[in-house]
Amino acid sequence: MMKNINFLLMAMIAVLTVSSCESENPASRGEEYNVTVGIPDPMDNYSKASASDAFSHLGGALNVDPAEFDLRYIVEVWSKDDSPELLYREIKTVDGDFAVTPVSFGLRLEQLPCYLVFWADFVREDMSEDLHYVTEGNLQNIRYSDDISSAGDLASDDMDAYCAVELVESVSLQSKRKIVLKRPFGKLRLLATDIVDSGELEPAEPKWATIDFKNIQFANTYNVLTDRAGMSGDTRSAGKFDFKVIKENALVGKNIYDNVYLLGFDYFFVADQIPSYSMDVTVYGDEDRSFALGTKNLSGIPVVSGKLTTVIGDFYSNSGTVNVIVDDAFDNDEKVEN
């Protein structure tokens, strides 16, 4: 008799334990929903042959070193109501070929309708902890980490990131979805095409560029669920920074410009209160930055979410003509495979 009582007590404890675990993890029950997510294929709009000598039009997936970085994916499930609540969160990382390696999440959605909120960014190799973006709260309050103090810290392709929001109202037992993530910001780059006639001397070439945004601010936060940057006017000062000039055959739209100079670039969250940027760009012809080739004053340069803004032309020669091109280099067709 005592053995039977002990057995019943143990069974009741086991049932209570399972029920407790299920209540803490909403993804352990409910409707099954399988979703595969990936980032835009950088080569959808441009052939690898034509872009073989160009890189500044590309984002982090092809420019960062896979020996140093992994691509981290985060999915959150949010309730759909006036005050959304976070129901579930999961993290996965991709090592190696970021551009063609999507990830899959198998979710059980207890509460419908709901939002699936996705974020992907670069983290240190074999680590999933926050690097440049603080996400530990939730994806409604992403903010730059303390190592980002000015626009100069945004001039790195490991700042690239991707996101998406999916409203799920109903699912079937075999429900599957493929989603390509988009960038929450625009990329701004400066390309110089100048050739300076210096007589018998070799044409002057730029070595460094100083980009001064003066007192302009950039958005410090981003809400993936609402697709809004700079909530409550939260911004940081863009400031001034130096950029080591890089020579490349640049791809602008679908045209290649041979032997031009990348003077700098930045990734900016697109906030309603900061639709465009102004800057002074000074180009130097020596490593010590004591010989200035010239300064270009730019104003009203737009930055558009998910797109690439290119300012290209003469930055330090007499003609001084530049063009501003906003193209769809970041607006790739969907290419997500299981």
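**Close-ups of a cavity and some charged side chains**

**View 1. A cavity of about 30 Å³, the second largest in the structure.** This is a predicted model, and searching all of it turns up two cavities of 30 Å³ or more. Around the second largest one sit L188, L190, I211, F213, G264, F265, D266 and M279. Sort that lining by type and you get six nonpolar residues, one polar and one charged. Strand 18 (255–269) is the top contributor, with three residues. Strand 10 (185–192) also supplies at least two.

**View 2. D286, a buried acid without a salt bridge.** Look for D286 in the loop between strand 19 (276–284) and strand 20 (292–302). The nearest side chain of opposite charge belongs to R289, and that is 7.1 Å away. What D286 does have is a polar contact of 2.5 Å with the side chain of S290. A polar atom of the D286 side chain also lies 3.1 Å from the backbone nitrogen of F291.

**View 3. K187 and D157 paired in a salt bridge.** The closest N and O atoms here are 3.3 Å apart. The pair links distant parts of the chain, 30 residues apart: K187 is in strand 10, while D157 is in the loop between strand 7 (142–144) and strand 8 (161–168). Both ends are tucked away: K187 has 1% relative accessibility and counts as buried, and D157 is buried too, at 12%.

**View 4. D272 and R228 meeting in a salt bridge.** The N to O distance is 3.1 Å. D272 comes from the loop between strand 18 and strand 19 and R228 from strand 14 (residues 228–229), so this pair ties together parts 44 residues apart in sequence. D272 counts as exposed, at 57% relative accessibility, whereas R228 is partly exposed at 45%.

**View 5. E287 and K244, another salt bridge.** In this one the closest N and O atoms are 2.6 Å apart. Since E287 lies in the loop between strand 19 and strand 20 and K244 in strand 16 (residues 240–244), the pair ties together parts that are 43 residues apart in sequence. E287 is partly exposed, with 41% relative accessibility, and K244 is partly exposed as well, at 38%.

**View 6. A salt-bridge network made up of R72, D121 and D130.** These three residues are linked to one another through salt bridges. For the wider picture, a search of the whole structure finds eleven salt bridges.

Conventions. Residues are numbered from 1 along each chain as its sequence is written. This is a predicted model: local features need pLDDT of at least 70, side-chain atom pairs count only at pLDDT 80 or more; totals for chains, interfaces and linings use all residues. Side-chain values use heavy atoms; hydrogens and water are left out. On a 1 Å grid over the protein atoms alone, a cavity is a set of points where a 1.4 Å probe fits but cannot get out, and a pocket is an open set with protein on both sides within 12 Å along at least five of seven lines; lining residues have an atom within 4 Å of a point. Grid points are joined across faces, edges and corners, and a volume is the space filled by probe spheres set on the points. Helices (H or I, at least four residues) and strands (E, at least two) are DSSP runs, numbered from the N terminus. Ala, Val, Leu, Ile, Met, Phe, Trp, Tyr, Cys and Pro count as nonpolar, Asp, Glu, Lys and Arg as charged, and the others, Gly among them, as polar. Buried means under 20% relative accessible area, exposed over 50%, partly exposed in between (1.4 Å probe, protein chains only). Lys and Arg count as positive and Asp and Glu as negative; His and the chain ends are not counted. A salt bridge is a side-chain nitrogen of Lys or Arg within 4 Å of a carboxyl oxygen of Asp or Glu. A polar contact is a pair of N or O atoms within 3.5 Å; within protein, one must be able to donate a hydrogen and the other to accept it, and residues adjacent in sequence count only if both atoms are side-chain atoms.
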